[in-house]
Amino acid sequence: SIRQDVDPVWKALADKNIRVVAQIAPAVRVAIGDKFGIPKGENTLGRLVAALRHMGFDEVYDTNFGADLTVMEESAELLERLKSGKNLPLFTSCCPGWVSFMEKHFPELGENLSTAKSPQQMFGAIAKNYLAPKLGIDRRNFIVVSVMPCVAKKSEAARPEFGKDGDPDVNISITTRELAHMIRFANMNFDELEESDFDRP
């Protein structure tokens with residue numbers, strides 16, 4: 001059974017002493033419409049961002065920002081490896097399901113795995129180590145919630161190397177289904193929400 005992380009999100013949103021930000025993976029903006037009977041292909045992004053704001057998120061960001069950073073880091077790493085001829089081929093580290101499979105079944109290929117963080121973790125690290133200090137907030141009072149299409153992102157966020165002094169870069173990862181549950185629980189009419197836009201990092 002898949003671990004449900006809705007309650008910790010509500011608890012964080014109810015605590016006025018902490019700042020709670022969301023990051024949304026690209027696939028979520030399409031999949032969320034399915035949960036509310038919206039025709040396939042219809043753009044629900046503005047309503048999705050509005051729903052998160054109504055729930056109490058202080059900021060809502062696009063994980064694509066983290067993806068851009070990951071692409072830059074991974075491509076620079078590939079060029080470096082091609083130059084040196086070492087640890088090729090280069091395998092992506094973006095999919096935690098793939099990383100777990102490789103670690104369990106092909107541990108000898110560990111050196112071939114990219115050292116770049118996934119977009120989820122890249123965003124979390126930027127939020128905790130750059131955005132929080134810029135706003136004058138202790139990273140432990142700055143909660144990053146990711147909304148992801150894949151349940152493996154929960155285990156990725158919990159990996160001890162993705163954090164600082166026991167404080168994870170991504171505190172909570174929820175699925176599209178969990179977010180739909182939260183929207184229903186908050187008694188919002190998703191289809192009628194006035195559209196909102198992402199915050200800009």
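Biologist: As I understand it, two strands pair if DSSP finds at least two bridges between them, so which strand do six bridges join to S1 here?
Modeller: That is strand S3, residues 142-148, which runs parallel to S1, a strand being a DSSP run of E with at least two residues, numbered from the N terminus. This is a predicted model, where local features need pLDDT of at least 70 and side-chain atom pairs count only at 80 or more, while totals for chains, interfaces and linings use all residues. Residues are numbered from 1 along each chain as its sequence is written, and side-chain values use heavy atoms, without hydrogens and water.

Biologist: And what stands opposite Val20 in S3?
Modeller: Val20 faces Ile143 there.

Biologist: What about S2, how many bridges has it with S1?
Modeller: S2, residues 59-62, pairs with S1 over four bridges, in the parallel sense, and Ile24 stands opposite Asp62 of S2.

Biologist: Why is S1 called largely enclosed?
Modeller: Because five of its six residues, 19-24, are buried, where buried means under 20% relative accessible area, exposed over 50% and partly exposed in between (1.4 Å probe, protein chains only).

Biologist: Changing topic, how many disulfides does a search of the whole structure find?
Modeller: Zero, taking a disulfide as a pair of cysteine sulfur atoms within 2.5 Å.

Biologist: Why is Cys95 not bonded to Cys150, then?
Modeller: The sulfur of Cys95 has its closest cysteine sulfur in Cys150, but that lies 6.0 Å away, which is too far for a bond.

Biologist: Are those two buried or partly exposed?
Modeller: Cys95 is partly exposed, with a relative accessible area of 38%, and Cys150 is also partly exposed, at 32%.

Definitions and conventions: Pairing = 2+ DSSP bridges.
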